[in-house]
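Q: Could you take a close look at one part of this protein for me, the inside? I'd like to hear about buried side chains, enclosed spaces and ring contacts in one connected account.

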Amino acid sequence: MTKQRLVVVGNGMAALACLEEIYRRGGPPQAEFEVTVFGAEREVNYNRILLSDVLSGKKNTEEIVLNPLTWYAERGIRLHLGEPVAHLDVQNRTVRSAGGIEASYDLLLLAMGSVPFIPPIKGVEKPDVFTYRSLEDVRVIRDRANRSQNALVIGGGLRGLEAARALAELGLEVTVAHLMDRLLEMQLDGQAAAILRRQIEELGIRVLLGHCADEILGNGATEGVHFTNGTAREADLVLISTGIRPNVALAQEGGLEVRRGIVVNDFLETSVPGIYAIGECVEHRGKTYGLVAPIYEQAKTAAAALCGDQSKPYTGSVTAAKLKVAGVDVVSMGNFLADGAACEEMVYSDPTAGIYQKVVLQGGRVVGGIFLGDTALSGRIFQVLQSGEDVTLQRKGLLRGEGGVPPASVMALPDEAVICGCMGVCKGTIMAAIQEHGCTSREAIAEETRACTSCKSCGPLLDQILQQVLGGEYVKTAQQPVFCGCLPLDQTALRTEIKVRGLRSATEALRALGNGVGCAVCKPGLSYLLSEVWANDHLEERQHRFINDRVHANIQKDSSFSVVPRMYGGVTSPEELRRIADAAERYGVRMVKLTGGARIDLLGVSKADLPRIWADLGMPSGHAYAKAIRTCKSCVGTDFCRFGVQDSISMGIAVEKAFEGLYTPHKVKLSVSGCPRNCAESTVKDIGLVGIQGGWEVYVGGAAGMKVRKGDLLCTVETREEALAASAKFLQLYREEARYMERTYDYVERVGMETIQKVVLENPDEGSALLSRLNQSKALAQDPWLEREHPVHPRQFEDLIPAPAGASDESQESEVRSQGLEG
């Protein structure tokens with residue numbers, strides 16, 4: 001029987017998903033296909049979602065390949081890589097590539113995807129200006145990044161933000177300039193976008209909103225970007241990620257109906273019989289899609305139609321964009337902006353925790369929603385949105401997962417429910433992998449279906465399905481969490497390897513034990529761990545630290561900085577206050593505020609002014625920006641208070657001086673109260689001392705922020721020396737054992753007070769060793785504000801903003817200070 005000639009134009013995820021579905025079906029009933037595939041890139045099919053991981057160095061090219069060359073060969077596919085199709089002859093049913101390769105077809109599948117949209121920016125043709133859509137793009141960007149310092153990403157959509165994070169992980173200073181008033185405006189409302197922006201900036205990435213680039217600056221080489229508002233930013237690498245457009249040139253040349261995309265019917269057939277199209281290049285019922293899940297749905301219908309089966313038309317997709325943006329989980333669905341009459345919004349927002357949840361109702365039915373940070377309820381809400389059921393009686397429980405509103409178990413979802421949004425894998429496919437192919441773990445399911453191979457946020461759902469299907473046969477592997485995917489060792493093993501191998505820098509550790517590059521998550525933690533293991537006698541690589549730690553001040557939302565000088569025990573003097581007032585006026589400080597730790601905060605200082613204001617203050621750093629010892633709050637104690645039973649002032653000063661300058665897994669707040677009235681709130685601090693008749697109580701693991709927790713009583717002692725020693729032993733134990741970004745209260749709950757007390761109080765040898773190691777670290781601790789005299793590099797405190805054309809020196813200085821931006 002004569003084989004049908006199927007030519008596929010495109011070698012990406014959409015095209016190969018369709019081919020895989022055809023092979024799963026066994027081909028058309030009447031004959032097999034003779035398949036020819038033309039790929040514009042020189043690569044086999046790869047997971048485009050993971051390009052940012054390749055750019056950052058977390059993964060190599062081979063790790064994101066979906067279909068290796070052997071896959072094509074085993075199926076007899078004639079593959080032409082690096083051969084974009086340039087000509088379509090509908091009358092003679094042939095295509096011809098740019099390299100002159102011609103192929104005849106009986107059936108044709110167009111899956112050309114999209115092309116980057118390049119705004120009309122003067123100088124966009126300069127070297128070091130890149131788009132970001134392919135592996136080849138990633139290679140050239142990564143090569144240039146190795147020789148760059150300042151990157152500017154034009155565009156604050158998903159691709160732009162992922163690229164920005166990857167460049168930041170490579171150690172570049174990164175700025176994102178976005179035309180709109182919020183990031184991800186196609187997926188988020190203003191409140192959610194503001195929370196995301198805050199989290200992006202915590203990675204050390206600048207965000208400029210309402211900025212329209214109009215020129216790439218530089219005489220030959222790329223030196224910066226100018227904006228229509230008259231400002232400019234220095235950059236030696238510019239990446240443009242301003243959206244995509246359906247790739248329709250071939251279809252237009254062949255005479256197919258084209259609007260925004262290639263027009264297709266419910267079977268993905270174009271206006272010319274026998275020619276089908278799927279993916280980002282198509283327009284179906286007036287809509288185009290750029291998400292993976294609807295494209296995979298199209299691939300299934302197109303595969304069926306190519307095999308002669310028209311029983312499953314494609315009627316469009318109700319999309320839920322499931323994204324991981326710079327490490328933040330985001331789900332956006334339906335009418336999330338509540339556009340339309342009688343729309344109601346139900347919102348839970350916790351900006352400090354990075355959580356935003358919103359459900360939009362119309363006529364008693366869910367029509368849209370946003371979930372950021374905590375997306376656990378998104379699957380349930382999406383199911384209700386798809387079903388269109390009336391939730392009027394259950395609305396109180398919508399954002400609490402109560403009231404029976406959708407099923408709590410993933411097993412209640414229909415087989416067609418998408419579990420892995422990145423790869424478009426539905427529940428039925430996962431069930432089949434377990435029941436028919438014997439998969440018994442996440443890893444096995446990933447190998448069989450490709451679910452959980454991208455952002456991995458669907459992992460808990462896979463665990464649920466495995467547990468429900470396998471029951472007692474499924475044992476989820478319990479293990480210590482690895483430090484990071486870049487360093488696949490638990491923290492204990494990592495500490496041991498660092499010591500045994502004598503690794504004294506983050507670069508050495510990453511090369512010897514990890515992927516050689518690291519990421520924005522693990523590099524700051526690794527830098528801390530090295531400083532702790534080697535008692536500050538390590539090679540400090542400042543580029544691996546957060547922006548706050550690089551310039552020793554706390555960055556604010558307008559890119560200015562706050563300065564908090566240290567005042568031991570909260571005690572100051574008229575002379576110090578005069579210096580603070582003079583400095584505030586001299587450097588145009590926009591606000592002077594008392595902090596919760598009883599210190600003075602100078603807000604609105606430019607980066608360039610930091611060394612000068614530190615010098616004028618003549619006071620040490622309060623470390624209010626760092627994962628370190630912060631302040632020691634104290635009451636007036638026996639000096640003035642008629643209730644005081646212990647000298648809390650001198651004790652507070654002694655505690656703060658004993659521990660200042662020490663870095664810790666997370667910030668550590670201290671307090672000393674002179675009597676059980678606890679006016680300094682010592683029982684809700686990381687380490688708190690409370691004076692009692694005849695001695696001191698030492699509390700640890702207290703909290704009064706997002707989590708409120710009374711500290712545990714570590715011990716009761718008679719002398720201030722004993723109290724200080726017990727506090728020091730606990731502090732050093734926390735420094736050595738806690739996970740990076742783990743507060744003392746979480747550490748205490750995880751380890752248990754009994755275990756901590758045994759080490760700190762009942763084992764004299766270990767207690768003495770803890771004190772010795774803490775004293776070693778303290779001996780090498782230095783005031784970071786002294787870097788004003790000897791910066792780590794010449795541009796450490798420079799504001800990297802070129803003056804607008806024609807501006808005077810005076811106006812340039814004014815512009816820098818008003819913008820408060822840094823490079």
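**A look inside**

A: Let's start with Thr744, which counts as buried because its relative accessibility is 1%. Bear in mind throughout that this is a predicted model. Thr744 sits in helix α22, which covers residues 744–751. Setting aside residues up to four places away in sequence, Thr744 touches Val668, Asp686, Gly701, Phe730 and Tyr734.

Another buried spot is Ile200, with a relative accessible area of 1%, against a cut-off of under 20% for calling a residue buried. Ile200 belongs to helix α6, residues 190–202. Once neighbours within four places in sequence are left aside, Ile200 is in contact with Leu183, Ile205, Val207 and Ala326. For a sense of distance, take Ala302: Ile200 and Ala302 are 102 residues apart in sequence, and their C-alpha atoms are 39 Å apart in space.

Now for the empty space. Rolling a probe the size of a water molecule over the atoms shows where such space is left. The structure holds five cavities of 30 Å³ or more. The largest cavity takes up about 140 Å³. Its lining has 15 residues, and those nearest the centre are Ala168, Leu203, Gln543, Arg545 and Arg550. Three elements each give two or more residues to that lining: α5 (158–169), β11 (173–178) and α15 (522–533). By character, the lining of the largest cavity splits into seven nonpolar, three polar and five charged residues.

The second largest cavity has a volume of about 50 Å³. Around it you'll find Pro524, Tyr528, Arg545, Phe546, Asp549, Lys627, Tyr663, Thr664 and Tyr740. That lining divides into five nonpolar residues, one polar and three charged. Keep an eye on Arg545: it is among the residues nearest the centre of the largest cavity, and it also lines the second largest one. The charged end of Arg545 sits over the ring of Tyr663, 5.9 Å from the ring centre, and Tyr663 is itself part of the second cavity's lining. There's a comparable arrangement at Trp534, where the charged end of Arg504 sits over the ring, 3.7 Å from its centre.

That brings us to rings facing rings. The structure holds eight aromatic pairs. One of them is Tyr289 with Tyr314: the ring centres are 6.4 Å apart and the planes stand at 75°, so the pair is edge-to-face. Tyr289 lies in the loop between β20 (282–284) and α8 (292–306), while Tyr314 lies in the loop between α8 and β21 (320–325), so this pair ties together parts that are 25 residues apart in sequence. Both tyrosines, Tyr289 and Tyr314, are buried.

Next comes Trp614 with Trp785, whose ring centres are 5.1 Å apart and whose planes are at 5°, so the pair is stacked. Trp614 comes from helix α18 (residues 610–617) and Trp785 from the loop between α24 (764–780) and α25 (809–819), so the contact ties together parts that are 171 residues apart in sequence. Trp614 is buried, as is Trp785. To finish with the rings, Tyr23, Trp71 and Tyr72 form one aromatic cluster.

Methods: Residues numbered from 1 in each chain as written. Predicted model: local features only at pLDDT ≥ 70, side-chain atom pairs only at ≥ 80, totals over all residues. Heavy atoms only, no water. Helix = DSSP H or I, 4+ residues; strand = E, 2+ residues; numbered from the N terminus. Buried < 20%, exposed > 50% of the residue type's maximum accessible area, 1.4 Å probe, protein only. Contact = heavy atoms within 4.5 Å. 1 Å grid on protein atoms, 1.4 Å probe; cavity = no way out; pocket = protein on both sides within 12 Å on 5 of 7 lines; lining within 4 Å. Points joined across faces, edges and corners; volume = space filled by probe spheres on them. Nonpolar A, V, L, I, M, F, W, Y, C, P; charged D, E, K, R; others polar. Phe/Tyr/Trp six-rings, centres within 6.5 Å; stacked < 30°, edge-to-face > 60°. Lys NZ or Arg CZ within 6 Å of the ring centre and 35° of its normal.
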